[in-house]
Amino acid sequence: MRIVVSGAAGFIGSHMCDRLLLEGHTVVGLDNLLTGSVENLSHLESHAAFRFIEHDVNVPLNGAVADAAVDAVLHMASAASPKDYLAHPIETLEVGSAGTRNMLDLAKAHGARFLVTSTSECYGDPLVHPQVETYWGNVNPVGPRSCYDESKRFAEAITMAYHRTHGVRTNIARIFNTYGPRMQLNDGRVVPAFLDQALRGEPLTVFGDGSQTRSFCYVSDLVDGLYRLMLSDERYPVNLGNPREMTILEFAEQICKLTNSASSIVRMPLPEDDPRQRKPDISKAKSILGWEPRVPLEEGLKRTADYFQGKVLG
């Protein structure tokens, strides 16, 4: 298949390009590099089946991308870390709305399948635990995080509207916390932040009392779930994440142990609307896709720490 991937220079997007090429597909990667990095795709520069185009998907596609055959569209473009989407709230809302519609129009014009990467943030600060796809969420629509939460909720809504109105073959992935190589050290998310601090011997910053929970999925597992979902006939949202749950304080201690760091822990006020619990119910993914995470946290963190060690320590 010839597959167009938006957000191709991002952390997950670049790994998705790797997987698609490994499966024998031709890939056209799009990214405006607002938060992505061409370094994430540098190993694909000479790949005959890959082409990168710097493009903002909020602007309609034309030329070679839109005119040639397209078999699948993967819309993965968006700021994803709180640091990035709080710095670029309008751009984040635009890529979830105008960007999603432009990519849907591309899929519609070519009769292509379409997958959008949504987020567990659609559940907000959940009142249901673990989070199942039928839960509608507890989201503050006017809070500081709403630019991200509501852009993704809109993206899901317009994706379903194109499926119902135009018959586009759509898939919606709700991604939970994912980590691995190619994350940006300074993006503010907990895995790179803790690893950066631990490797430098600096105190680890824990927000609140550290009792809030997260579950972490290694990127290769997540990409495998996305690939299976892209090929499926499931039109409604599917959770993709690792159901192994731990507190942020437990996670900080594990990072210190992994890196043999003597770093202490300092506490900062909890950000507004920060979810207290985050754990996916992946029963649907297991049943429909035959998917579940396979990389143990300890192994995934070691691979990620090895990657960041070269970045932090040179």
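**Exercise 1. Arg182**

Task: In this predicted model, decide whether Arg182 is buried or exposed. Then place Arg182 in the fold and describe its phi.

Solution.
- Step 1. Take the cut-off: buried means under 20% relative accessible area.
- Step 2. Arg182 has 17% relative accessibility, so Arg182 counts as buried.
- Step 3. Find the element. Arg182 sits in the loop between strand S7 (178-179) and helix H6 (190-200).
- Step 4. Check the backbone. Phi of Arg182 is near 85°, which is positive although the residue is not glycine.

**Exercise 2. Leu33**

Task: Find which exposure class Leu33 belongs to, and state where Leu33 lies.

Solution.
- Step 1. Recall the limits: buried is under 20%, exposed is over 50%, and partly exposed lies in between.
- Step 2. The relative accessible area of Leu33 is 26%, so Leu33 is partly exposed.
- Step 3. Leu33 belongs to the loop between strand S2 (26-31) and strand S3 (50-54).
- Step 4. Leu33 has a positive phi, near 65°, and is a residue other than glycine.

**Exercise 3. A peptide bond**

Task: Which kind of peptide bond joins His129 and Pro130, and where is Pro130?

Solution.
- Step 1. Read omega. The value is about -10°.
- Step 2. Name the bond. His129 and Pro130 are joined by a cis peptide bond.
- Step 3. Locate the proline. Pro130 is in the loop between strand S5 (113-119) and H5.

**Exercise 4. Around Thr213**

Task: Describe the setting of Thr213: its strand, its exposure and its contacts.

Solution.
- Step 1. Thr213 is part of strand S9 (residues 213-215).
- Step 2. Its relative accessible area is 9%, so Thr213 is buried.
- Step 3. Set aside neighbours within four places in sequence. Thr213 then touches His129, Glu245, Met246, Thr247, Arg276, Gln277 and Arg278.
- Step 4. Pick out one partner. The side chains of Thr213 and Glu245 make a polar contact of 2.6 Å.
- Step 5. Look back to Exercise 3. His129, at the cis bond with Pro130, is among the contacts of Thr213.

**Exercise 5. Two ring pairs**

Task: How many aromatic pairs are there? Classify Tyr123 with Phe176, then Phe216 with Phe251.

Solution.
- Step 1. The count is 7 aromatic pairs.
- Step 2. The rings of Tyr123 and Phe176 are 6.1 Å apart, centre to centre, with 40° between the planes; this pair is tilted.
- Step 3. Tyr123 is in the loop between S5 and H5, and Phe176 is in the loop between S6 and S7, so the pair ties together parts 53 residues apart in sequence.
- Step 4. Tyr123 and Phe176 are both buried.
- Step 5. Phe216 and Phe251 have ring centres 4.2 Å apart and planes at 20°, so this pair is stacked.
- Step 6. Phe216 lies in the loop between S9 and strand S10 (217-218), and Phe251 in helix H8 (residues 248-259), so the link spans 35 residues in sequence.
- Step 7. Phe216 is buried at 5% relative accessibility, and Phe251 is buried at 0%.
- Step 8. Extend the first pair. Ring pairs join Tyr123, Tyr135 and Phe176 into a cluster.

**Exercise 6. A pocket**

Task: Describe the second largest pocket by its volume, its lining and its residue classes.

Solution.
- Step 1. The volume is about 210 Å³.
- Step 2. The second largest pocket is lined by 13 residues; Tyr135, Trp136, Arg153, Glu156 and Arg174 are the closest to its centre.
- Step 3. Helix H5 (146-166) and strand S6 (170-175) each give at least two lining residues.
- Step 4. H5 supplies the largest share, 4 residues.
- Step 5. Sort by class: 8 nonpolar, 1 polar and 4 charged.

How values were computed. Residues are numbered from 1 along each chain as its sequence is written. This is a predicted model: local features need pLDDT of at least 70, side-chain atom pairs count only at pLDDT 80 or more; totals for chains, interfaces and linings use all residues. Side-chain values use heavy atoms; hydrogens and water are left out. On a 1 Å grid over the protein atoms alone, a cavity is a set of points where a 1.4 Å probe fits but cannot get out, and a pocket is an open set with protein on both sides within 12 Å along at least five of seven lines; lining residues have an atom within 4 Å of a point. Grid points are joined across faces, edges and corners, and a volume is the space filled by probe spheres set on the points. Ala, Val, Leu, Ile, Met, Phe, Trp, Tyr, Cys and Pro count as nonpolar, Asp, Glu, Lys and Arg as charged, and the others, Gly among them, as polar. Buried means under 20% relative accessible area, exposed over 50%, partly exposed in between (1.4 Å probe, protein chains only). A polar contact is a pair of N or O atoms within 3.5 Å; within protein, one must be able to donate a hydrogen and the other to accept it, and residues adjacent in sequence count only if both atoms are side-chain atoms. Contact means heavy atoms within 4.5 Å. Rings of Phe, Tyr and Trp (its six-membered ring) pair if their centres lie within 6.5 Å; planes under 30 degrees apart count as stacked, over 60 as edge-to-face and the rest as tilted.
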